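Visitor: I would like to learn how to read this fold, one feature at a time. Where should we begin?

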Amino acid sequence: RRRLIPNDLKRFNIYASRIRVLHLGLRSAVDASLSSTLWHQLANMSPSALLFPNLREWHCHELATRPGIIPGHQLVLGTHLTALTMTWASMDRAIISLFLADLSQTCRNIRSFRLHVKCGFTVGSPSDQQGWIRPGVFDALTELRTVEIDAAMTPIAAFTELASLPHLVDMVLRDARFPVWPIEPEALPTILPFRALRKLKLAGSPANRCAGVLAATQFPVLEELEIQARTIGALGEIFRIIHDHCSHSSLRILRIIRTSSAYEAGEIGATSGDFRHLHVFRRLEELSLEILNNIMLTDEDLTDMALAWPQLTTLWLVHRDDHESPFFMTPAGTLLGLTHFARHCPRLVSISIALDTSDANAIEIMEAFPEGLGLQRASPLTHMLLGDCMPVGDPAEIAMSLVVMFPNLWELAGGYPHLGCDGWGVVEQVLPHCRREAWRLKRRSATPLHWHQTLEAIINEHK
């Protein structure tokens, strides 16, 4: 390889001005060394000019742990840059701190900033990491719309600056190794509300530390909230914090996800009293609680939920991945409790829940619809996952009960996580025939007597 000569730079400049998006991957020490040498030569040949004067997005991946880590980054950071992604394998906080200081001085128009440190900082304790983002960095980046920090604890001063950004709508704070903050919420300084933030994702451990971020301030227009943690614990206090600090009129999506597959026997995830904190969110469209542990509800509680959330489209109350789960789940109501979702949630398309089906009775389900079962009241629900609760009721009664409530049900997975066992395979076989009969009756605007007769005939046929 030879050194660069002036003609090389002239040819480079012809194309460099056309580049809008740059991806730089340094996946080995050889890559990093080559890039460092090349960039330093470019810097010496054109010390005051940007290499890519019209660059809008810079995505830098797999950066090594050394001081020349971002060779010549001053040649790339410019006023036209609007999106930046930096991914380090691991990093000394001083290097990132210096880089962020340059960023805040030169990229005042940046709108999207993502920072990832895969293996953490090379410094030791969590307390050492509170100063890795210098004060004033985010104060200068007033055009930011999206911020993702996947590195270490976000310093409290930086969090305060983020809250003041007028256009910040999407924020992710992730640190799987330590709590988001090492101090309790009540000890935090006063932080202004996030007046523009609409989407927030928090990932750390335990979950109550993530909830502590919510407790530190207010989120008056938040629409989507996701909390991920290795340990969740009881959800009551988390629900209370969400109730007290998130907008009752704007929150549409709430996800709480346990990332560890370890199951602790006897641990209760949530009870009916806990869910009452969420009833005020009348515009809720999705509630996903993937926590592995038992959710203790009754049919009356399911009724309250259906009435509280008329715009609900997705309800997940069991873990959707194939993690280690309890052998049998504690039921959160019965099939009869689902009738209120069919009656009062006209947009519901997916539900995942553990139910007691031992007393399944299709006639009783039909009679729970006093307004009738005409075509105009057909629920749009298409997907259902039912947790494994013993004992399982009569397969024909279960199948017919489901299609009476949800005639558009096309995909049923019963007995999760032991799919297809203990009679659920029979339920899935009978379901298409029951669905066809239900639609035939609906199209004919059948009387209750015809419904009774057809239900009894189908159930007797499959006994």
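Visitor: What share of the residues in the protein chain is buried?

Guide: Keep in mind that this is a predicted model. Buried residues account for 53% of the 463 residues in the protein chain. The chain holds 13 helices and 16 strands.

Visitor: How many of the contacts between residues at least 6 apart join residues at least 24 apart?

Guide: The figure is 83% of those contacts in the protein chain.

Visitor: Next, the core. How many residues does the largest nonpolar core have, and which have the most contacts inside it?

Guide: The largest nonpolar core has 130 residues. Ile-242 and Phe-275 have the most contacts inside it. Helix α11, residues 395-405, gives the most to this core: eight residues. Another core lies apart from it, with seven residues, including Trp-316, Met-329, Cys-389 and Tyr-416.

Visitor: What is Phe-275 in contact with, leaving aside neighbours within four places in sequence?

Guide: Phe-275 contacts Phe-239, Ala-270, Leu-287, Leu-289, Ile-295, Leu-297, Met-305, Trp-309 and Leu-317.

Visitor: Take Leu-317 from that list. Where is Leu-317 found?

Guide: Leu-317 sits in the loop between β13 (314-316) and α9 (339-344). Its relative accessible area is 6%, so Leu-317 is buried. Setting aside residues up to four places away in sequence, Leu-317 touches Phe-275, Leu-289, Ile-295, Leu-297, Met-305, Ser-352 and Ile-353. The C-alpha atoms of Leu-317 and Glu-290 are 6.4 Å apart, with the two positions 27 residues apart along the chain.

Visitor: Glu-285 is another loop residue. Is Glu-285 buried or exposed?

Guide: Glu-285 counts as buried, because its relative accessibility is 17% and the cut-off is under 20%. Glu-285 lies in the loop between α7 (272-275) and β11 (286-290). Not counting residues up to four places away in sequence, Glu-285 touches Arg-252, Gln-311, Leu-312, Thr-313, Thr-314 and Arg-347.

Visitor: And Ile-156, where is that found?

Guide: Ile-156 belongs to helix α4, residues 156-164. Ile-156 counts as buried, at 15% relative accessibility. The C-alpha atoms of Ile-156 and Ile-133 are separated by 9.7 Å, and the two residues are 23 apart along the chain.

Visitor: Now helix packing. What describes two packed helices?

Guide: Two numbers do: the angle between the axes and the distance between the axes. Start with helix α5 (residues 207-215) and helix α6 (residues 236-245). Their angle is about 15°, and their axes are 9 Å apart. That makes α5 roughly parallel to α6. The crossing of α5 past α6 is left-handed.

Visitor: Which residues make the contact of α5 with α6?

Guide: From α5 come Ala-207, Asn-208, Ala-211, Leu-214 and Ala-215. From α6 come Ile-238, Ile-241, Ile-242 and His-245. The residues of this contact divide into seven nonpolar, two polar and no charged. Ile-242 also appeared among the core residues with the most contacts.

Visitor: At what angle do α12 and α13 cross?

Guide: Helix α12 (residues 424-443) and helix α13 (residues 448-461) cross at roughly 165°. Their axes come within 11 Å. The two helices are therefore roughly antiparallel to each other. α12 passes α13 in a right-handed crossing.

Visitor: Which residues meet there?

Guide: On the α12 side: His-433, Cys-434, Glu-437, Ala-438, Arg-440, Leu-441 and Lys-442. On the α13 side: His-450, Trp-451, Thr-454, Ile-458 and Glu-461. The contact of α12 with α13 divides into five nonpolar, three polar and four charged residues.

Visitor: How does α11 pack with α13?

Guide: The angle is about 145°, with the axes of α11 and α13 9 Å apart. The crossing is right-handed. Ala-396, Glu-397, Met-400 and Val-404 in α11 meet Trp-451, Leu-455, Ile-458 and Ile-459 in α13. Here the split is seven nonpolar, no polar and one charged.

Visitor: How many residues of α11 are buried?

Guide: In α11, 11 of the 11 residues are buried, so this helix is largely enclosed by the rest of the structure. Glu-397 and Ser-401 are among those buried. The buried residues of α11 pack against α9, α10 (362-367), β15 (383-387), β16 (411-416), α12 and α13.

Terms used
Residues numbered from 1 in each chain as written. Predicted model: local features only at pLDDT ≥ 70, side-chain atom pairs only at ≥ 80, totals over all residues. Heavy atoms only, no water. Core = buried A, V, L, I, M, F, W, Y, C linked by side-chain atoms within 4.5 Å. Buried < 20%, exposed > 50% of the residue type's maximum accessible area, 1.4 Å probe, protein only. Helix = DSSP H or I, 4+ residues; strand = E, 2+ residues; numbered from the N terminus. Contact = heavy atoms within 4.5 Å. Axes fitted to C-alpha atoms, helices over the stretch in contact; angles between N-to-C directions. Parallel < 35°, antiparallel > 145°, perpendicular 65-115°, else oblique. Left-handed = near helix turned anticlockwise from the far one by under 90°. Nonpolar A, V, L, I, M, F, W, Y, C, P; charged D, E, K, R; others polar.
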